[in-house]
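Colleague: I should like to learn how the pockets and the overall form of a protein model are to be read. May we begin with the pockets?

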Amino acid sequence: MSDTLYENLARQTLAAINAASSESELEAVRVAALGKKGTVSALLATLGKMSPDERRSAGAAINGLKDDVSNAFESRRFALKQAALAARLTSETIDISLPARDAPFNAGRVHPITQVMDELTEIFADMGFTVAEGPDIESDDYNFTKLNFPPGHPAREMHDTFFLQPDAAGERKLLRTHTSPVQVRTMLGQKPPIRVICPGRTYRCDSDQTHTPMFHQVEGLVIDKSANMGHLKWILEEFCKAFFEVPSVNMRFRPSFFPFTEPSMEVDIQCRRDGHDIRFGEGSDWLEILGCGMVHANVLRNCGLDPDEVQGFAWGMGIDRIAMLKYGMADLRPFFEADVRWLNHYGFRPLDFPTLAGGLSG
Ligand code: DAH
């Protein structure tokens with residue numbers, strides 16, 4: 001074979017190598033030249049049949065050709081790899097500045113009532129209170145009688161009670177009109193010292209902008225040997241500061257009446273209204289937020305406690321009311337209409353748990 005033949009083969013193979021536009025095309029070219037049946041391999045195979053003289057001159061040329069082709073192949077493969085990588089890098093970019101897609105756990109919202117219950121539980125837990133619960137369907141005895149509402153007392157009428165049909169034994173159960181029956185259950189069920197809060201649903205036949213037939217209260221109860229009104233006042237002030245996230249609050253304790261406390265008080269919190277805004281700890285308005293008092297001796301006795309041995313105080317606060325105040329809702333009714341748009345607007349992110357250290361309302 002002549003040198004020109006080698007040169008032609010070299011030129012053709014190198015041209016094919018350069019023309020290959022992908023690694024797979026290049027591999028086909030390599031097999032056609034350097035594979036078992038490839039053109040360059042076939043040329044190498046001819047060396048065995050040559051005379052030593054022929055081999056000396058042709059061998060160098062053929063091996064040189066093989067080296068050239070191999071080198072060209074390697075450098076083309078490297079170039080194609082680089083090009084493929086560069087193409088991937090431009091086409092597979094991730095825009096890390098895009099907002100994260102909403103994960104399902106992030107899409108739901110925590111209802112403001114749940115949020116406020118979590119907040120107040122956090123605050124009272126920090127003061128050593130545990131959470132007590134009772135049923136929504138309550139006996140007349142626990143909702144009224146043991147709480148020192150005598151039968152026929154007008155205070156019963158003021159509760160707009162929902163009564164159930166009398167059962168087989170003639171007992172007429174009711175939907176609890178306040179969380180105070182949980183006081184009774186707690187005193188009957190555990191020994192003093194007692195320090196509980198009882199958040200939950202309550203029911204009264206009433207409906208307007210600030211009243212719904214189902215609403216929420218949180219009851220507080222402290223019973224021990226010496227619990228007094230000073231403690232009550234401190235607890236309520238600390239609660240209001242922590243809950244409304246303000247450094248100071250002014251509170252006004254007005255004499256009032258509840259059958260289950262003596263003395264009884266209603267508590268107002270000082271505020272300033274500014275259009276829709278409301279600020280606490282300043283201004284000349286007063287807003288009623290709860291009822292409280294020293295637990296009546298009759299109630300202690302009705303619950304198996306001796307008023308000469310123990311004493312204590314209690315309070316009841318409307319959760320919906322303080323939620324509206326803190327988060328600026330004017331109407332209570334949408335709280336319970338399950339409108340997703342309202343929930344998206346007023347709800348809270350599920351993983352933003354209220355903590356005293358990390359911030360209650362995020
Ligand atoms: N149960 C009362 C109500 O629903 C609120 C209340 C007032 C609860 C005084 C108390 C209390 O524990 O001491 O109107």
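Modeller: A pocket is an open set of grid points with protein on both sides within 12 Å along at least five of seven lines, and its lining residues have an atom within 4 Å of a point. Please bear in mind that this is a predicted model.

Colleague: How many residues line the largest pocket, and which lie nearest its centre?

Modeller: The lining of the largest pocket consists of 36 residues, and those nearest the centre are Arg204, Phe215, Gln217, Phe258 and Glu288. The volume of this pocket is about 990 Å³.

Colleague: Which strands and which helix each supply at least two residues of that lining?

Modeller: The strands are E5 (214–224), E6 (251–258), E7 (261–274), E9 (285–295) and E10 (311–318), and the helix is H12 (319–327). Sorted by class, the lining of the largest pocket holds 16 nonpolar, 12 polar and 8 charged residues.

Colleague: What volume does the second largest pocket have?

Modeller: The second largest pocket has a volume of about 300 Å³. It is lined by 13 residues, and Arg273, Met324, Leu325, Met329 and Ala330 are the closest to its centre. Strand E8 (277–280) and H12 each supply at least two residues of this lining, with H12 giving the largest share, 3 residues. The classes here are 6 nonpolar, 4 polar and 3 charged residues.

Colleague: Let us turn to the whole chain. How many helices and strands does the chain have?

Modeller: The chain comes to 13 helices and 10 strands. To judge its spread, one compares the radius of gyration with the globule rule: the value is 42 Å, well over the 21 Å that the rule gives for 362 residues, so the chain is more spread out than a compact globule. The C-alpha trace spans about 130 × 55 × 40 Å along its principal axes.

Colleague: What share of the residues counts as buried?

Modeller: Of the 362 residues, 39% count as buried. As for contacts with a separation of 6 or more, 66% are between residues 24 or more positions apart. The accessible surface is about 20,000 Å², and carbon and sulfur atoms account for 53% of it.

Colleague: To end with a single residue, is Phe353 buried or exposed?

Modeller: A residue counts as exposed when its relative accessible area is over 50%. Phe353 has 59% relative accessibility and therefore counts as exposed. Phe353 is located in the segment after helix H13 (340–346). Its C-alpha atom is separated by 9.9 Å from that of Glu122, although the two residues are 231 residues apart along the chain.

Note on methods: Residues are numbered from 1 along each chain as its sequence is written. This is a predicted model: local features need pLDDT of at least 70, side-chain atom pairs count only at pLDDT 80 or more; totals for chains, interfaces and linings use all residues. Side-chain values use heavy atoms; hydrogens and water are left out. On a 1 Å grid over the protein atoms alone, a cavity is a set of points where a 1.4 Å probe fits but cannot get out, and a pocket is an open set with protein on both sides within 12 Å along at least five of seven lines; lining residues have an atom within 4 Å of a point. Grid points are joined across faces, edges and corners, and a volume is the space filled by probe spheres set on the points. Helices (H or I, at least four residues) and strands (E, at least two) are DSSP runs, numbered from the N terminus. Ala, Val, Leu, Ile, Met, Phe, Trp, Tyr, Cys and Pro count as nonpolar, Asp, Glu, Lys and Arg as charged, and the others, Gly among them, as polar. The radius of gyration is taken over C-alpha atoms; the globule rule is 2.2 Å times the number of residues to the power 0.38. Buried means under 20% relative accessible area, exposed over 50%, partly exposed in between (1.4 Å probe, protein chains only). Contact means heavy atoms within 4.5 Å. Accessible areas come from the Shrake-Rupley method with a 1.4 Å probe; for residues, only the protein chains shown count as cover.
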